[in-house]
Amino acid sequence: MDETEFWELIDATREVAGGDPEEQADLLVERLLQLDPDVVLDFARHFEARYNRAYRWDLWGAAWVLLDGCSDDAFDFFRCWLIGQGREVYEGALHDPDGLAGLLGEFDEEIDGDGEELGYAADEAYEQLTGTVAPDLGIAPAPAEPEGTPVDLENERVLAQRYPRLWERFKD
């Protein structure tokens, strides 16, 4: 599976799921079950690499504003959700986290921002296909600390200045 196929699968399942990340995760598992186990591992590598790439302070700050607070676990689930939004939103957020204010359509606080189940889709499909736990993917792990300059997540003034578009859309 190449990068284009990865994003096509993400986009197709998101569209069918109507943006619901849990439904998208279920659809991803169904689609992955139709593939060879090695291709499922390719999907997992693409997902994990993007998940690790998004472990950045500037994105954590954006998630904090968007979600009105964001713990370690919530940021993990946010990164899965961000991948589930597709290439345009994902890459746009990495380029300019504050730009999420314009990249996101309607935002339902009940379901959006938490894509925990998306992070397990490849593992679940691999286990169903093979009866075994997925092996190590052979990619570098995420760094111990987020990349970039730390953001004072507790300081609303700092957040409002650093993420003016997100602040205006989601905090006012």
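**Exercise 1. Contact range.** Find what share of the contacts in the protein chain between residues at least 6 apart in sequence join residues at least 24 apart.

*Solution.* Take the contacts in this predicted model between residues at least 6 apart in sequence, then keep those that join residues at least 24 apart. The share kept is 72%. One pair of residues shows how distant positions in sequence can be placed in space: Ala 122 and Phe 47 are 75 residues apart along the chain, and their C-alpha atoms are separated by 8.7 Å.

**Exercise 2. Elements and dimensions.** State how many helices and strands the protein chain has, and check its radius of gyration against that of a compact globule.

*Solution.* Step one is the count: ten helices and zero strands. Read from the N terminus, the order is therefore α-α-α-α-α-α-α-α-α-α. Step two is the size. For 172 residues, the compact-globule value is near 16 Å, and the protein chain has 16 Å, so the two agree. Along the principal axes, the C-alpha atoms fill a box of roughly 50 × 35 × 25 Å.

**Exercise 3. Surface and charge.** Describe the burial, exposed area and charged side chains of the protein chain.

*Solution.* Of the 172 residues, 45% are buried. The exposed area is about 8900 Å², with 44% of it supplied by carbon and sulfur atoms. The charge count gives 13 positive and 43 negative side chains. The centres of these two sets lie 8 Å apart.

**Exercise 4. Cysteines.** Explain why Cys 70 is not bonded to Cys 80, the cysteine with the closest sulfur.

*Solution.* A disulfide is a covalent bond between the sulfur atoms of two cysteines. The test is a distance: the two sulfur atoms must be within 2.5 Å. The sulfur of Cys 70 is 12 Å from that of Cys 80, which is too far for a bond. Cys 80 is likewise in no disulfide, its nearest cysteine sulfur being that of Cys 70. A search of the whole structure finds zero disulfides. Both cysteines count as buried: Cys 70 has 3% relative accessibility, and Cys 80 has 6%.

**Exercise 5. Two helix residues.** Place Arg 50 and Ala 122 in their helices, then determine whether each is buried or exposed.

*Solution.* Arg 50 lies in helix H3, residues 37-53. Its relative accessible area is 10%, under the 20% cut-off, so Arg 50 is buried. Leaving out residues up to four places away in sequence, Arg 50 touches Glu 3, Phe 6, Trp 7, Ile 83 and Tyr 90.

Ala 122 lies in helix H8, residues 121-130. At 8% relative accessibility, Ala 122 is also under 20% and therefore counts as buried. Beyond its neighbours within four places in sequence, Ala 122 is in contact with Leu 32, Val 40, Phe 43 and Ala 44.

**Exercise 6. The loop between H4 and H5.** Classify the accessibility of Asp 68 and Ser 71, and state which sign phi has at Asp 68.

*Solution.* Asp 68 lies in the loop between H4 and H5. Ser 71 is found in the loop between helix H4 (57-67) and helix H5 (72-84). Asp 68 has a relative accessible area of 59%, over the 50% cut-off, so Asp 68 is exposed. Ser 71, at 44%, falls between the cut-offs of 20% and 50% and therefore counts as partly exposed.

For the backbone, phi at Asp 68 is positive, about 60°, although Asp 68 is not a glycine. As a last distance, Ser 71 and Trp 60 are eleven residues apart in sequence and 9.2 Å apart, C-alpha to C-alpha.

How values were computed: Residues are numbered from 1 along each chain as its sequence is written. This is a predicted model: local features need pLDDT of at least 70, side-chain atom pairs count only at pLDDT 80 or more; totals for chains, interfaces and linings use all residues. Side-chain values use heavy atoms; hydrogens and water are left out. Buried means under 20% relative accessible area, exposed over 50%, partly exposed in between (1.4 Å probe, protein chains only). Helices (H or I, at least four residues) and strands (E, at least two) are DSSP runs, numbered from the N terminus. The radius of gyration is taken over C-alpha atoms; the globule rule is 2.2 Å times the number of residues to the power 0.38. Contact means heavy atoms within 4.5 Å. Accessible areas come from the Shrake-Rupley method with a 1.4 Å probe; for residues, only the protein chains shown count as cover. Lys and Arg count as positive and Asp and Glu as negative; His and the chain ends are not counted. The place of a charge is taken as NZ of Lys, CZ of Arg, CG of Asp or CD of Glu.
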